[in-house]
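Good morning, and thank you for the time. I should like to take you through one structure, beginning with a single residue and then turning to a helix and the internal spaces.

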Amino acid sequence: MVQGLYRELKIRSYDGEKDRARVEELERGCEIVGPADRVFLYTDTLGDPICRIRNSPSFYMLVAESGNELVGVIQGSIKLVTMARPRGNLGLARVGYILGLRVSPHHRRQGIGSRLVRSLERWFVSNHVEFAYMATDKENKASIKLFVDSLGYVKFRTPTILVNPVSPNRALHLPSHVEIKKLGTKEAELLYRKFMSSAEFFPNDIDNILENRLSLGTWVAYYKGEAWEDIRYEGVSTGSEYWQGPRDWAMVSVWNSAEVFKLRVQGRAPLSCLIYAKSCRLMDRFFPCFKIPAIPDFADPFGFYFMYGVHCEGKSSAQLVRTLCQFVRNMARKSKDCKLVVTEIGARDEVRLHIPHWKLLSSPEDFWCIKAFNNEEPSSLHEIAMSPPTRALFVDPREV
Ligand SMILES: CC(C)(COP(=O)(O)OP(=O)(O)OC[C@H]1O[C@@H](n2cnc3c(N)ncnc32)[C@H](O)[C@@H]1OP(=O)(O)O)[C@@H](O)C(=O)NCCC(=O)NCCS
């Protein structure tokens, strides 16, 4: 550790006017790093480094400065979510999410990353956060060692990221016996609260997500001949919704991440969706075999649609999930910069089996780890972390 640097390091709140350009420069500097045989995706925050947390109910960004040099950055957001509580109960917990931790390559292994995380944790604690969590690629040894070995986080979940390219030349054919309907935001919210509120990390402010300008809508699919009855809220007296839906149905909501940031093949993406160079080189040769008419051109910055809340009911709903995914890919074709459709699904959630994805991308796995603050006994945290991930996991589109 370089003691001099450590002493003069200043950690303070991000100031848009003063720091914007320097944070973007730091982002760019961090991206090129990576094993030589891989290609990373890298992020362009379109002049707004705080864009990834701006849509959260409460957020904070810190920078680390050494003299006049900006050497590190971290972001965090706070929300109320469903979580497994000790002794198998389910309840609401106030959680802090850590993201966008970057330390300039020239200043690593000097304790800056740890200090940034600890400063953010103090903000969490002062805002009554019970648990902090973060997600990283399972190959990111530096990040995992920092959080798990050094800062006391424990491994929690390992959801899978599924990526599909948008077919630029022709629309995918949707089966004629499937009906697709767009829901209003209120109806979508009721559906979410009825069917998904027990999913791990389901956000209590789902209405804010659905009403956000980046949320393009929620669609349901069901077989023709069945009826989709609008869901009704029965009111405070019963406190429940009334709904008799079709026997088989599926739903998906879409978030337009392309509006917030763009990716470029070469660096590291917030989703950690890494494209292996080997796969990239093979693309041209292999894709004709998969009957994909053309591979999108990834040379220019591009965006993606993120599918969240993918859910299905009924024994024959697999085809409905697939149809909705195709529907979203067709929708993405019409957007200028959108070249991928991405989703992230809990490791044991069976819906992932029905989601078409790009096999060559070898489905990167996310590594989620978690830490409890004072109000939880370490043993309870252990119990929560060890609880089997049987429930669906809600991946918040604001955090991709
Ligand atoms: C991950 C990252 C933020 C670490 O920052 P840092 O300032 O170097 O971390 P620290 O100096 O505080 O490291 C603390 C401890 O973490 C572990 N650690 C950090 N980097 C490591 C590495 N490259 N290899 C192994 N262990 C590492 C070590 O245990 C280290 O303690 P030590 O130096 O006494 O052995 C930095 O490498 C980085 O910016 N990486 C690129 C972006 C990224 O991956 N961000 C995380 C995504 S959430």
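Let us begin with Ser-119, which sits in helix H3, residues 112-126. Please keep in mind that this is a predicted model. Is Ser-119 buried or exposed? Ser-119 counts as buried because its relative accessibility is 12%, and the cut-off for buried is under 20%. Leaving aside residues up to four places away in sequence, Ser-119 touches Ile-11 and Leu-62.

I turn now to helix H8. This helix covers residues 318-333, 16 residues in total. From first C-alpha to last it reaches 23 Å, close to the expected 22 Å. The buried residues of H8 include Leu-320, Val-321, Leu-324, Val-328 and Met-331; Arg-329 and Asn-330 are also among them. Which strands help to cover these buried residues? The cover includes E8, E9, E10, E13, E16 and E17.

Strands E16 and E17 appear again in the cavities. The structure holds 4 cavities of 30 Å³ or more, and the largest contains about 100 Å³ of space. Of the 14 residues lining that largest cavity, the closest to its centre are Gly-309, Val-310, Glu-344, Ile-345 and Leu-393. E16 and E17 each supply at least two lining residues, with the largest share, 4 residues, coming from E16. By class, this lining has 9 nonpolar, 3 polar and 2 charged residues.

Finally, the second largest cavity holds about 70 Å³ of space. Its lining includes Cys-51, Arg-52, Trp-255, Phe-261 and Arg-398, and divides into 7 nonpolar, 2 polar and 2 charged residues. Thank you.

Note on methods. Residues are numbered from 1 along each chain as its sequence is written. This is a predicted model: local features need pLDDT of at least 70, side-chain atom pairs count only at pLDDT 80 or more; totals for chains, interfaces and linings use all residues. Side-chain values use heavy atoms; hydrogens and water are left out. The expected span of a helix is 1.5 Å times one less than its number of residues. Buried means under 20% relative accessible area, exposed over 50%, partly exposed in between (1.4 Å probe, protein chains only). Contact means heavy atoms within 4.5 Å. On a 1 Å grid over the protein atoms alone, a cavity is a set of points where a 1.4 Å probe fits but cannot get out, and a pocket is an open set with protein on both sides within 12 Å along at least five of seven lines; lining residues have an atom within 4 Å of a point. Grid points are joined across faces, edges and corners, and a volume is the space filled by probe spheres set on the points. Ala, Val, Leu, Ile, Met, Phe, Trp, Tyr, Cys and Pro count as nonpolar, Asp, Glu, Lys and Arg as charged, and the others, Gly among them, as polar.
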